[in-house]
Amino acid sequence: MPLLPLYRDRTIQCGRKNDVLKLWLMWKGRGDKAMGARIEKAFENAVSYRKLKLTEGFRLVLPEFQCTNISFWYIPPRLRGQNETAEWWKEVGKVAPAIKARMMLKGSIMISYQPLSSKGLVNFFRVIVGNPVCERSDMDFIVDEIIRLAEDV
């Protein structure tokens, strides 16, 4: 029996076979306690994204965060309070790419966006919270910077 099918069946992520080795090496080097602290920190930072629910113009793709991946739309002032028609959503889909372009020009932050066409969802921002040196203030900065960059979008 070839080794590849056995290896594939025992990886954590089917699309990225080598990630399990990197995870194992990191876990082995840091130990259970440090890895647990790293995971707790990531979830703590993800929970701080509840600010999105309280900040005008932001809408979570999922009503509550499911993990350390936070997906959201920014609805600029010109689109708030309108009927959410197909045309409205089309305009919302243009917002994330416009803000991302400004992020890249300014060089302040770099987060990705994507649509989920199979679910009929237009472009939304997707922040993966995993860096252990990030603090709540970094999470707040992302929200504030999007608002600043989207002033006239």
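**Close-up views of a predicted model**

Of the 153 residues in this chain, 31% count as buried. Keep in mind that everything here comes from a predicted model. The legends below go view by view.

**View 1. The whole chain, with six helices and four strands.** Walk along the sequence and you get the pattern α-α-α-α-β-β-α-β-β-α. If you like contact maps, take the contacts between residues at least 6 apart in sequence: 52% of them join residues at least 24 apart.

**View 2. How confident the predictor is along the chain.** The average pLDDT is 85, and 88% of the residues score at least 70. Which element has the lowest mean pLDDT, and which the highest? Helix H1 (residues 3–9) has the lowest, at 48, while helix H5 (residues 86–106) has the highest, at 96. Over residues 1–8 the pLDDT stays under 50, and for that stretch the model has five contacts beyond four places in sequence.

**View 3. Helix H2 packing on helix H3.** Here H2 covers residues 19–30 and H3 covers residues 32–47. Their axes sit 6 Å apart, at an angle of about 115 degrees. On the H2 side, look for Leu23, Met26, Trp27 and Arg30. What they meet in H3 is Asp32, Ala34, Met35 and Arg38. Sorted by type, the residues of this contact come out as five nonpolar, three charged and no polar.

**View 4. The salt bridge between aspartate 140 and lysine 51.** In total the structure holds 10 salt bridges. As a reminder, side chains of opposite charge can pair when their charged atoms come close. For aspartate 140 and lysine 51, the N to O distance is 3.9 Å. Aspartate 140 belongs to helix H6 (residues 136–149) and lysine 51 to helix H4 (residues 50–54), so this pair ties together parts that are 89 residues apart in sequence. Are the two partners buried or exposed? Neither label fits: aspartate 140 is partly exposed at 25% relative accessibility, and lysine 51 is partly exposed too, with a relative accessible area of 26%.

**View 5. Glutamate 91 and arginine 78 in a salt bridge.** The closest N and O atoms of this pair are 3.3 Å apart. Glutamate 91 is in helix H5, whereas arginine 78 is in the loop between strand S2 (69–74) and H5, and the two are 13 residues apart. Arginine 78 is partly exposed, with 43% relative accessible area.

**View 6. Glutamate 145 meeting lysine 106.** Their side chains form a salt bridge with an N to O distance of 2.9 Å. This one links helix H6, home of glutamate 145, to helix H5, home of lysine 106, across 39 residues. Glutamate 145 is buried, at 0% relative accessible area. Elsewhere, salt bridges that share partners join Lys51, Asp140 and Asp144 into one network.

**View 7. The largest nonpolar core, with 32 residues.** The residues with the most contacts inside this core are Tyr49, Phe72, Ile99 and Ile146. Strand S1 (58–60), S2, H5, strand S4 (121–128) and H6 each give two or more residues to the core. Which element supplies the largest share? That would be H5, with six residues. Zoom in on phenylalanine 72 and, leaving aside its neighbours within four places in sequence, you find contacts including Tyr49, Leu52, Phe58, Ile111, Phe124, Val127 and Ile146.

**View 8. Serine 71 in strand S2.** Serine 71 has 19% relative accessibility, and anything under 20% is labelled buried, so this residue counts as buried. Not counting residues up to four places away in sequence, serine 71 touches Arg59, Leu60, Val61 and Leu62, along with Phe124, Phe125 and Arg126.

**View 9. Valine 95 in helix H5.** Valine 95 is buried, with a relative accessible area of 1%. What does valine 95 contact, leaving aside its neighbours within four places in sequence? The list is Tyr74, Pro76, Leu79 and Val153. Alanine 150 is 55 residues from valine 95 in sequence, yet in space the C-alpha to C-alpha distance is 8.1 Å.

How values were computed: Residues are numbered from 1 along each chain as its sequence is written. This is a predicted model: local features need pLDDT of at least 70, side-chain atom pairs count only at pLDDT 80 or more; totals for chains, interfaces and linings use all residues. Side-chain values use heavy atoms; hydrogens and water are left out. Axes are lines fitted to C-alpha atoms, for helices over the stretch in contact, and angles run from 0 to 180 degrees between N-to-C directions. Contact means heavy atoms within 4.5 Å. Ala, Val, Leu, Ile, Met, Phe, Trp, Tyr, Cys and Pro count as nonpolar, Asp, Glu, Lys and Arg as charged, and the others, Gly among them, as polar. pLDDT is the predictor's confidence in each residue, from 0 to 100. A salt bridge is a side-chain nitrogen of Lys or Arg within 4 Å of a carboxyl oxygen of Asp or Glu. Buried means under 20% relative accessible area, exposed over 50%, partly exposed in between (1.4 Å probe, protein chains only). A nonpolar core is a set of buried Ala, Val, Leu, Ile, Met, Phe, Trp, Tyr and Cys residues joined through side-chain atoms within 4.5 Å.
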